[in-house]
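Please open the model in your viewer and keep the selection panel at hand. The stops below are meant to be taken in order.

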Amino acid sequence: MSNAIMAPKMGEPYLLTPGPLTTSAKTKEAMLRDWGSWDGEFRALTAEMREGLLELTGDTEGVLDCVPMQGSGSFSVEAMLGSFVPRNGKVLVLSNGAYGMRIAQTLEYLNRDHTVINKGDYMPPRGPEVTAAIEADPAITHVIIVHCETSSGILNPVKEIADAVHAAGRKLLVDSMSAFGAVPLDFNEIPYVAMVSSANKCIEGVPGFGFIIARKDELEAAKGRSHSLSLDVHAQWAHMNKTGQWRFTPPTHVVVAFLEALRAHKAEGGVAGRGARYTENRDVVVEGLRELGFETLLKDRWVSPIIVTFFCPAHENFNFETFYESMKSKGFIIYPGKLTVVDSFRIGCIGQMDAGVMRQVVAAAKETLAEMGVDTAAPPEIALIERAKLAA
Ligand SMILES: *Cc1c(COP(=O)(O)O)cnc(C)c1O
């Protein structure tokens with residue numbers, strides 16, 4: 001597997017960010033050719049891509065179909081909400097971070113009735129509170145959960161939520177943007193109406209489109225429902241099935257790069273193989289940074305193999321900008337944190353990186369702390385008080 005990992009070109013830093021991320025040379029090289037979007041060859045590539053994505057769902061009965069959509073991931077989230085929630089529906093949004101809040105904001109724009117269980121920066125939504133919310137508000141038709149909330153890196157208990165939603169006879173939507181392809185989301189265990197992800201996350205493509213995977217009967221029912229011409233999932237699906245083409249100009253180079261990335265994903269062992277590499281990446285960086293005194297925001301049970309939030313050290317010599325620039329000069333682009341209470345930063349574990357790269361990340365952090373005169377990376381007391389609120 002080690003030969004699957006290729007360092008970026010000399011002088012190009014690794015992106016320890018949750019997409020765009022570091023892609024393989026092969027994926028980048030796939031973009032060095034132009035394609036006619038109407039041409040039979042390109043149509044065949046689109047079909048191969050849709051098939052390849054469906055293979056990752058666990059659906060063996062042909063219940064689901066895959067609809068790619070131009071734009072970044074948020075365009076696909078908006079397309080999904082506008083297409084699968086009827087105009088008289090009501091959505092229960094389970095929010096514990098920026099992406100949950102963005103879903104609520106999108107529903108606001110779409111004029112779709114909704115209610116939010118807001119768990120703040122990182123507390124997980126739980127099954128019993130979903131059950132209670134639906135009992136208290138029978139108008140709720142759909143529940144939406146963010147699989148991995150990328151803003152904190154928490155892996156939400158999606159199975160527990162799905163069970164509560166189905167026991168109450170409601171429909172489930174999943175934003176699996178940053179998890180799909182590396183964390184299992186088996187349709188047989190977690191039957192959703194629709195889920196969404198994008199090209200530049202765990203499949204390791206470059207940015208330019210997202211994709212919605214949905215039940216075919218729900219796709220049929222979505223006809224005429226969308227608020228938007230360009231984000232109408234039913235229209236895109238129907239057109240693609242009829243002609244093999246995207247409705248409007250597809251990001252051709254991004255699609256061929258993605259297909260290359262999808263082949264590498266399969267060669268690595270699919271969701272299990274990809275998930276194993278990311279898990280090892282996470283374990284190496286968490287263990288290494290903890291040895292330097294850093295602490296993770298989350299207790300181990302909740303830490304995703306996608307991205308990890310660390311508290312900034314309390315030491316008076318620590319300065320995030322200096323830390324960032326020094327890490328960058330050593331070849332690693334890290335990611336600022338999004339917590340409101342305590343300063344933090346994030347390290348992404350996804351992309352063309354393996355345990356060896358993650359050990360270099362730890363070494364770079366150690367050197368940087370020494371340069372800054374920070375002898376321990378221990379966080380302030382308040383950070384640990386925050387974390388204690390979280391269940392083990
Ligand atoms: C990346 C991401 C999105 C989409 O963000 P874009 O910037 O629009 O690509 C949505 N939800 C989650 C959980 C994400 O990680």
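The tour goes from the ligand to the pocket around it and then to a cavity.

This is a predicted model, in which local features need pLDDT of at least 70 and side-chain atom pairs count only at pLDDT 80 or more, while totals for chains, interfaces and linings use all residues. Residues are numbered from 1 along each chain as its sequence is written, and side-chain values use heavy atoms, with hydrogens and water left out.

Select the ligand, and then the residues that have a heavy atom within 4 Å of it: this shell consists of S72, G73, S74, Y99, R102, V146, C148, T150, D175, M177, S178 and K201. By class, four of the shell residues are nonpolar, five polar and three charged, where Ala, Val, Leu, Ile, Met, Phe, Trp, Tyr, Cys and Pro count as nonpolar, Asp, Glu, Lys and Arg as charged, and the others, Gly among them, as polar. Now colour α3 (73–84) and α4 (98–110), each of which supplies at least two residues of the shell; helices here are DSSP runs of H or I with at least four residues, numbered from the N terminus.

Next, show the side chains of S74, D175 and K201, and look for pairs of N or O atoms within 3.5 Å, the cut-off for a polar contact. A polar side-chain atom of S74 lies 2.6 Å from an oxygen atom of the ligand, and one of K201 lies 2.8 Å from a ligand oxygen atom. On D175, a polar side-chain atom is 2.8 Å from a nitrogen atom of the ligand. Taken alone, the ligand exposes 390 Å², of which the protein buries 86%, with areas from the Shrake-Rupley method and a 1.4 Å probe.

Hide the ligand and turn to the largest pocket, in which the ligand sits, as more than half of its atoms lie within 2 Å of the pocket's grid points. The volume of this pocket is about 300 Å³, taken as the space filled by probe spheres set on the points. A pocket is an open set of points on a 1 Å grid over the protein atoms alone, with protein on both sides within 12 Å along at least five of seven lines, and lining residues have an atom within 4 Å of a point. Of its 23 lining residues, S74, Y99, R102, M177 and K201 lie nearest the centre.

Finally, select D121, Y122, L297, F311, L339, V341, V342 and E386, which line the largest cavity, a set of points where a 1.4 Å probe fits but cannot get out. The volume of this cavity is about 30 Å³, and its lining has six nonpolar, no polar and two charged residues.

How values were computed
A polar contact is a pair of N or O atoms within 3.5 Å; within protein, one must be able to donate a hydrogen and the other to accept it, and residues adjacent in sequence count only if both atoms are side-chain atoms.
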